[in-house]
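Me: Please take a close look at a single part of this structure. I would like to follow how its chain is built, from the inside to the surface.

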Amino acid sequence: MDRRKFLALVAGAALAGWVPAATAQEPIKIGEMNSYKVFAAFLEPYKKGMDLAVDEINAAGGVLGRKIEIVSRDDNGQPGDAVRVAEELLTREKAAFLIGTFPSNVGLAVASFAKERKVLFIAAEPLTDKIVWDQGNRYTFRLRASTYMQTAMLVPEAAKLRKKRWAIVYPNYEYGQSATAAFKQLIKERQPDVEFVIEQATPLGRIDAGPVADAIAAAKPDAIFSSLFGPDLARFVREGTTRGIFKGVEVFNLLGGEPEYLDPLLDEAPVGWYVTGYPWQDIRTPEHAKFLAAYRAKFRDYPRLGSIVGYSTVLSAAAAIRKAGSLDSEKLVEAMKGLTHSTPFGEITYRRQDHQSTMGAYVGKVGLRDGKGVMVDWSYADGGRFLPSDADVAKMRPAE
Amino acid sequence: MTANVVIQFLNGLAGASSLFLVATGLSIIFGVSRIVNFAHGSLYMLGMYLAWSLIAFFGRGSPFGFWGGVLGAALAVGVAGALVEMLVLRRIYRAPEMFQLLATFALVLVVKDAALWLWGAEDLLGPRAPGLRGAVEILGRRVPEYDLLLIAVGPVVLGLLWLLMNRTRWGTLVRAATQDREMVAVLGVDQAKLFTSVFFLGAFLAGLGGALQLPREPANLAVDLSIVADAFVVVVVGGMGSIGGAFLAALLIAQAKAMCIAIGDVELFGTVFSFSKFTLVAEFAIMAAVLVVRPWGLLGRPPAAARGAGAVEPPLVPPGPLFWPAAMLAVLVLALVPLGGEGYALVLLIDIAIFALFAASLHFLMGPAGMVSFGHAAYFGLGSYAAGLAFLKLGWPVEAALLAAPAIGGAGALLFGWFCVRLSGVYLAMLTLAFAQIVWSVVFQWDAFTGGSNGLVGLWPQGWLKDRTTLYLAVLLVSALGIFALWRMVHAPFGYALRAARDSALRADAIGIDVRRFQWIGFALAGTFAGLAGGLFAFSKGSISPETLGVARSVDGLVMVLLGGVQTLTGPVLGATAFTLLQDEIARATTYWRAVLGLAILAIVLVFPMGIAGALRILVARAGAGR
Amino acid sequence: MTVLEVSGLSKAFGGVQAVRGLGFTLAAGELLAMIGPNGAGKSTCFNMLNGQLRPDAGSATLAGTSLIGLAPHAIWRLGVGRTFQITATFRSMSVRENVQMALLSFHGGLMRFWTPAAARHRDEAADLLARVGIAELADRACGILAYGDLKRVELAVALANRPRLLLMDEPTAGMAPGERAALMETIAGLAKRENIAVLFTEHDMDAVFAHADRLIVLNRGALIAAGSPAEVRADARVREVYLGAGGAH
C-alpha cells in the first residue's frame with residue numbers, strides 16, 4: 001500500500017463515521033453486544049444459539065410481520081467500549097433495543113446506559129445479583145439464573161451433608177465474591193455451626209493452582225465450595241487431584257457442569273463433585289429435544305450452555321416484541337414484565353418485581369461416561385424457587 | 001506447619017522454573033536488540049498450542065510423543081521468532097525508540113486471532129507427562145512428580161545458558177552486544193545474523209516454557225497477556241539482560257506468591273488481611289520495591305547510553321502564523337458537526353476527543369520529556385474515579401466533579417512521579433506500570449469505596465450537560481483547551497527544558513537545570529491532563545470500572561502515540577483518531593477484527609516508521625521541495 | 001585574584017586511588033592546563049569540580065564558596081561553565097536554541113509554561129555565537145552538526161552564565177589540527193578579554209604549550225609538577241612520565 005492509498009483509506013474510514021447508514025425498512029434490528037474475544041469459549045456457542053433462534057423465528061414469519069435481525073458488536077470486555085457500541089447500535093443501526101453482555105461490569109454499565117437512554121436491555125449472561133437488585137432499573141431485565149440463585153440451588157445439597165469445616169476458593173472479582181458471600185450466608189442459615197476454615201481469592205485466569213491446592217489441604221476441610229471456571233478450574237482440578245486433596249472431601253463447584261468448562265477436562269473430570277450446569281446429552285423434554293436436533297443439524301456440533309443462553313435471549317426478545325405489538329421502549333418494557341415464553345429449559349417468566357427471569361439450572365454431580373465428564377443424578381432447579389422473598393427483593397431494589 | 005512451608009517452597013520452585021524460561025528469553029532479546037517484545041507472551045501461548053497439537057500427533061501416551069512434541073513446539077516457536085525478526089523488526093531498527101513495541105503489539109493481536117482460528121475457542125487441556133503422572137510423598141504430603149521435574153529444569157536451563165554465553169564465541173558476542181551494541185558492529189560482526197539467532201533463542205525459550213506448562217495449564221487464549229506481564233516483571237526485577245537476575249527474580253516472585261497463598265487470611269488489629277488477594281499484585285509490588293531501591297534490578301547494570309540509536313528528532317518548529325488559526329478552525333468545524341451529523345458521529349468524536357487528550361498527555365511525557373510510561377492509564381483512571389466519586393458520593397455537580405479529575409490525576413502522578421523520575425528508560429516505564437497495577441488492584445478490591453470490579457455506575461451528567469450535543473461541545477472544548485495547553489507548554493521554556501533534559505541530562509545539569517525536578521513536574525503535569533481526560537471519560541460513558549486504569553488502556557495510549565508519531569506534536573491527535581476509527585470500523589466489519597487491526601498497524605509501522613504525522617510531514621516537505 | 005582554590009582533593013574507586021591529595025589554585029583570566037597520561041585522574045578531578053562526583057576528602061572553593069556536595073546545576077549557578085570531552089548538546093535543538101536554553105536558565109526563565117521559548121534571548125544568543133565564531137550556524141540542528149562546530153556550541157553554552165570559571169575537558173579532542181589552534185585561540189582570547197579563569201585538559205601538547213599560562217601535571221592521581229610551560233617542559237619527572245609512558249611529546 002502506498003502512502004496516498006493509505007491516506008485515502010484513513011480519510012474513507014473517517015468519512016464513514018459521518019455518513020449515516022441507510023435505514024433498512026424491512027427487518028427489526030436488535031442490537032447485541034458481547035465480549036466475543038475475551039470469553040470466546042462461552043460466546044462462540046452463544047452466537048450459534050442466537051443464529052439458530054433468528055432462523056427459526058424468521059422461518060416462522062418473523063414478528064409483527066417483519067423479520068428480525070441481530071446486529072452484533074464486540075464490546076472488548078470493556079464497559080466503555082460497550083457503551084460506545086450500544087450508542088452505535090441505537091443511533092446508526094437504529095436497533096430497537098439491546099441484548100447481550102457477559103461480564104458483570106459490562107452488564108451493569110449497559111444497564112445504566114439503558115436507563116439513561118430509556119431503552120430496553122435484556123442482559124443475557126451477566127450473573128451479578130446487582131443488575132436486578134441493588135442497581136436494578138426499569139429498563140433492564142436479566143435472563144440467566146444469577147450467582148445468588150445458582151448458589152442457592154447448591155446449598156440444600158451442601159447443607160444435607162452436615163459438613164462443618166468448609167474451604168472456599170473463588171476468582172477474585174464480582175462473580176466469585178458474591179458467590180462466596182451468598183454461599184456463606186445461605187449455608188449459615190441452614191447450618192449455623194459451619195466453620196469457614198480457609199478462603200482463597202485467586203486472580204481471574206491466573207490461579208497458582210498448586211499452592212492454592214496445598215493451602216486448602218493444609219486447612220483440613222471437610223468440604224470445599226468453589227466458584228472457579230475455565231482455565232482456573234482445569235488447573236485446580238488437575239493440581240488438586242495429583243496432590244490428592246479431594247480424597248474424602250466433598251466439593252461443590254458453581255458452573256462446573258457447564259459443557260464449556262467440563263468438557264475440556266476430558267477424562268479428568270472430577271467425579272463426584274456437586275455442580276450446576278447443563279447435561280445436554282440426557283435432557284429428554286420435548287422443548288430441549290427439538291432444540292438439540294435443530295442445533296445439531298445446523299452446526300454439526302452439540303450445544304453448550306452458551307448456546308442455550310443465546311437462543312433463549314433471542315426468544316425473549318421476539319416474545320417481548322410480539323407481546324408489545326410495537327417497538328416503543330415503554331411498551332416493550334411493560335411487555336417484558338411478567339413475560340412468559342418457552343425455552344429449551346422449559347417455560348420461563350420475567351418476574352414483575354425484579355425483572356429476573358425464572359430460568360433455572362441443572363444441579364447434579366459430575367460423572368464419567370466414555371472418557372468424558374457428564375452430569376449424573378441431576379435435576380432441574382427452577383430459578384423461581386431460589387429467589388429471596390418479595391419483601392427482601394423490594395428492600396434491595398431502588399424505586400423506579 | 002513446617003511441612004506446609006516446605007511444600008509451598010517446592011511449589012514456589014516449580015512455579016519459578018516456568019517463569020524463568022519465558023522471562024530469560026525476553027531478557028536475552030532485550031539485552032541485544034533493546035526491543036521491548038510485547039509478543040513474547042504470544043510466543044509462549046504458541047508454544048502451548050503447538051505442543052498440544054504435536055503431542056496429539058505423535059501420540060499422547062508415549063514418552064517420545066510427549067517430549068518430542070514439547071521439543072518440536074519449542075523449535076517451531078524459535079523459528080517463528082526468527083522469522084518475526086527477519087520479516088518485521090529488522091526493517092524498523094532505525095525508527096524512533098519504542099516504535100518496535102508497536103510492531104510487537106500488532107503481532108499480539110494477529111497471533112491471538114490466528115490461534116483462535118486454528119485451535120478454536122475452547123480451552124485445550126494438555127496431556128500429563130508420561131511417567132510423571134503421579135506424586136511423591138514428602139513430609140506426608142503429595143508433591144507432583146512433574147513439579148519435581150520442573151524444579152530441575154530451571155537450574156539446568158540456567159546452567160546451559162551460562163555455558164552458551166560464557167563458553168562459545170556466539171555467547172561472547174551476545175554478551176558484548178548486550179553491553180554495547182555499537183561496539184559489536186564496529187568489530188565487524190554480522191549484526192543481522194546475530195539478532196536473528198538471538199530472537200530464535202529467546203523465542204525457543206518462550207516456546208519451551210509454554211510447552212512445559214501444558215501439563216499444568218490448559219492451552220487458552222488469555223495466557224499470552226497474563227504471562228507477558230509476569231515475564232516483564234521478572235526481567236526487570238532481575239535486571240534487563242541478566243540471565244542470573246531473571247532466575248533470581250523468578251524465584252523471588254514465585255516464592256512470594258506461594259507464601260502469600262500459604263499464609264491466607266491473617267487477623268491483625270481486628271481487621272482481616274487476605275494475603276491470597278494480594279497475589280493479584282504481588283509481583284508488581286515486589287517490582288516497585290526493588291526498583292525504588294535498585295534502579296536497575298537485582299543484578300542489572302546501568303545500561304550503556306545508546307549512541308545514535310534510532311532517529312534523531314528534528315528541532316521543534318515554532319508554530320507558524322497560520323497554525324493557531326488553523327487549529328481553531330478545525331475545532332470550530334468539529335463544533336459544527338452536531339448540525340449535520342447523526343448521533344453516533346458525536347459519540348465517536350467524544351471518544352476521539354478524550355483519547356486525543358489522553359494520548360497528548362502521554363506524548364508530553366514520552367516525547368518532549370523522554371519518559372516512556374507503560375502505566376499512564378493510572379492517572380486517567382484516577383481522574384475518572386475522582387470525578388465519579390465526587391459526583392456519586394459527595395453529590396458534587398458535574399462541573400465541580402470534573403475539576404477533581406485533574407487534581408487527583410495530578411496528585412497521583414506527583415506521588416508516583418517522584419519515584420519514577422529517579423529511573424530511566426525501560427526501568428522507568430516498568431515502574432510506572434507497577435504503580436498503575438498497584439492502583440488498579442486497590443480500586444479493584446476496595447468494594448465499599450470504588451465499587452470493586454463492577455466499578456461506579458450511573459455517572460450521567462444532569463442539567464445542561466445532559467443533552468448529548470452540549471456534552472459533545474463541552475468535551476470538545478475541554479479537550480481542545482487541554483491539548484492547546486500541552487502544546488503551549490512544549491513550546492514554552494519549561495517544555496524546552498524537558499527536551500533538554502531528555503537530549504542530554506549531562507548538559508542540562510551543566511547549565512543549571514535540575515533535571516529530576518523538571519521531570520517530576522513534567523510527570524505530574526502529564527498525569528494532570530490524563531486525569532482531566534479520565535474525568536471527561538467518566539461522564540461521557542456513564543460508568544467506569546477498573547479497566548479504566550488497566551494495562552490495556554495504557555497500551556492503547558502507547559499505540560496511539562506511536563502510531564501518530566512520537567516526534568511530532570500533532571502525532572498523538574492523529575494517532576488517537578486513526579486508532580479509534582480503525583478499531584470502530586474493523587470491529588464492526590469482521591469477526592477476526594483483532595487480526596485485521598494488528599495487520600493494519602503492522603502495515604502502518606512498516607510503511608511509516610515515523611508514524612502518521614511524521615509521514616505527513618515528510619510528504620509536505622517533499623511537496624514543498626518539488627515546487 | 002584567585003578564583004578556584006583546590007586542596008587535598010581525593011577520590012578512590014574500589015581499591016583504586018584515582019585522585020590523591022590534589023591541590024592547586026587558579027586566578028581570573030588565567031589558562032591552566034591539566035595534563036597527564038591516560039588514567040592520571042584528570043576526568044575524575046573534573047567531575048569532582050563539576051559536582052558529578054563527590055570527593056572522599058579535600059576542598060574546592062570558588063571565590064570562597066565550597067563546591068563540595070553541590071549538584072552540577074547548583075555549581076553552574078555559582079558561575080562555572082563546562083564543556084565535555086565527548087560533546088554534550090541538545091541534539092533535537094538548533095544551535096541557537098542550545099544557547100537560548102543556557103540563557104533562559106541563567107536569567108531564571110525556565111519555569112515558564114506559556115510564553116514561547118523561541119523568542120527569548122535571541123539577541124544575546126546571537127551575540128554569544130558570534131563570540132565563539134559560529135554566528136552563521138544559529139539555525140542549524142545540533143543533531144547534524146560537524147564535531148568541531150559542536151565544540152564551539154558547547155563553548156557558547158558554557159559562556160551563557162557569564163562564568164568566572166570554565167572547566168573544559170579536552171576542548172579540541174576529535175578536531176582537525178587547523179581547527180584546534182583556532183579554537184584554542186578563541187578560548188584564550190575570551191579568557192583574557194573577559195577575565196575568565198579556564199581549567200582545561202588536553203592531549204594535544206602543542207595546544208597546551210602554546211596557550212596555557214600555567215600547567216599542572218598529574219600521574220596516577222597525584223600532582224607531580226606545576227609551573228609555567230617552560231618550567232614543566234624542563235621538569236625531569238614529567239619527562240620520565242611521558243617518555244616512560246611512551247608518549248610522543
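Reply: A residue is called buried when its relative accessible area is under 20%, exposed when over 50%, and partly exposed in between (1.4 Å probe, protein chains only). The model is predicted, so local features need pLDDT of at least 70 and side-chain atom pairs pLDDT 80 or more, while totals for chains, interfaces and linings use all residues; side-chain values use heavy atoms, without hydrogens and water. Residues are numbered from 1 along each chain as written, with chains lettered from A and ligands numbered from 1 in written order.

The part examined here is chain A. Of its 400 residues, 66% are buried. Chain A contains 13 helices and 14 strands (DSSP runs: H or I for at least four residues, E for at least two, numbered from the N terminus). Chain A has a radius of gyration of 22 Å, close to the 21 Å that the globule rule gives for 400 residues, so it is as compact as a globular protein of that length (C-alpha atoms; 2.2 Å times the number of residues to the power 0.38). The C-alpha trace of chain A spans about 65 × 60 × 40 Å along its principal axes.

Contacts (heavy atoms within 4.5 Å) link distant stretches of sequence: in chain A, among those between residues at least 6 apart, 68% join residues at least 24 apart.

On the outside, chain A exposes about 13500 Å² (Shrake-Rupley method, 1.4 Å probe; for residues, only the protein chains shown count as cover). Carbon and sulfur atoms supply 52% of that area.

Chain A also carries 52 positive and 49 negative side chains (Lys and Arg against Asp and Glu; His and chain ends not counted). The centres of the two sets lie 2 Å apart, with charges placed at NZ of Lys, CZ of Arg, CG of Asp or CD of Glu.
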